[in-house]
Amino acid sequence: MKLLLLNYRAFLSTPVALTSVRRAFSAAAAPFSASKWEGGVAMVQGASRGIGLEFATTMSIREKYGSLNLLINASGILSIPNVLQPETTLNKVEKSSLMLAYEVNAVGPILIIRHMWPLLKAGGGSGTQRDVAVVANLSARVGSIGDNRLGGWHSYRSSKAALNQLTKTVSVEFARKKDPIICILLHPGTVDTDLSRPFQRNVPEGKLFTKEFSVQKLLNIINNAKSHDNGKFFAWDGQEIPW
């Protein structure tokens, strides 16, 4: 397996940066042509910490992951001290918070899919154990409109809902064009990371997961994803989440 780690910020700067990252990825993947691959190319975006880092660490050691062609968008933002906090009431909603959350949680992943699309099509499922490549975007249950019973967290909820819609829309386009790619959305549960740490006080006992546990569950979903799962939204336990 060839594993590449990227940060979403490279995709949010300039067209030059976008082109440079794409060229770097192409150069790294070039020796692994479809007819010669012994392992697929996996790319983890947002691998500097938390769940993304655990994905990268796990796949560096998981030989059974084999030749799956995989793109994981794992970046996410919920709070930044003195900059961004989940809103508990409408009165606390600010344009800057909405735009920052949308940029990181929705814009970054969709731009990465856009610029990696030709490489995913070129690789597809050739030489792998499946007939499609997989794009897995880390979303959150709070991004579900149908599951929203508590309100609040306007910026985070809406940015994840935007990611869900963008991913669903891309999945429809890939299917219509018969591209050998499927897109799925994953809710990792409440995981003990920097993102969730300020908000763990009210997490029910047994519902705060380790990074290792969550990533193993998500990799199981990815490994078992089929063409008919294209455009679906799954929780860590494999259950579908309503839109």
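The following exercises, each with a worked solution, concern a predicted model of a protein.

**Exercise 1. Overall composition**

Determine how many helices and strands the protein has, and in which pattern they follow one another.

Solution. The secondary structure comprises five helices and eight strands. Read along the sequence, these elements give the pattern β-α-β-α-β-α-β-α-β-β-β-α-β. Of the 243 residues, 48% count as buried. Among contacts with a separation of 6 or more, 74% link residues 24 or more positions apart.

**Exercise 2. The surroundings of strand 5**

Establish whether the residues of strand 5 (residues 181-187) are buried or exposed, and on which faces.

Solution. Begin with a general principle: in a regular strand, side chains alternate between the two faces of the sheet. Next, sort the residues by side. Ile-181, Cys-183, Leu-185 and His-187 lie on one side, while Ile-182, Ile-184 and Leu-186 lie on the other. The residues on both sides are all buried, and both faces are thus covered. Finally, count: seven of the seven residues are buried, so strand 5 is largely enclosed by the rest of the structure.

**Exercise 3. The partners of strand 5**

Identify which strands pair with strand 5, and in which sense.

Solution. Take strand 4 (residues 133-138) to begin with: six bridges join it to strand 5, and the two run parallel. Within this pairing, Ala-136 has Ile-184 as its bridge partner. Now take strand 8 (residues 233-235), which pairs with strand 5 in the parallel sense over three bridges. Here Leu-186 stands opposite Phe-234. To complete the picture, consider the connection: strand 4, helix 4 (residues 154-176) and strand 5 make a right-handed β-α-β unit.

**Exercise 4. Aromatic pairs**

Classify the ring pair of Trp-117 and Phe-174, and state which helices hold these residues.

Solution. The whole structure contains six aromatic pairs. For Trp-117 and Phe-174, the ring centres are 5.4 Å apart and the planes stand at 40°, so the pair is tilted. Trp-117 lies in helix 3 (residues 95-123) and Phe-174 in helix 4, so the pair ties together parts that are 57 residues apart in sequence. Phe-174 counts as buried, because its relative accessibility is 2%, against a limit of under 20%.

Compare the rings of Trp-153 and Tyr-156: their centres are 6.2 Å apart and their planes at 75°, so this pair is edge-to-face. Trp-153 is partly exposed at 28% relative accessibility, whereas Tyr-156 is buried at 11%. Elsewhere, Phe-209, Phe-213 and Trp-236 form one aromatic cluster.

Key: Residues are numbered from 1 along each chain as its sequence is written. This is a predicted model: local features need pLDDT of at least 70, side-chain atom pairs count only at pLDDT 80 or more; totals for chains, interfaces and linings use all residues. Side-chain values use heavy atoms; hydrogens and water are left out. Buried means under 20% relative accessible area, exposed over 50%, partly exposed in between (1.4 Å probe, protein chains only). Helices (H or I, at least four residues) and strands (E, at least two) are DSSP runs, numbered from the N terminus. Two strands pair if DSSP finds at least two bridges between them. A crossover is right-handed if, with the strands pointing away from the viewer, the path from the first strand over the helix to the second runs clockwise. Rings of Phe, Tyr and Trp (its six-membered ring) pair if their centres lie within 6.5 Å; planes under 30 degrees apart count as stacked, over 60 as edge-to-face and the rest as tilted. Contact means heavy atoms within 4.5 Å.
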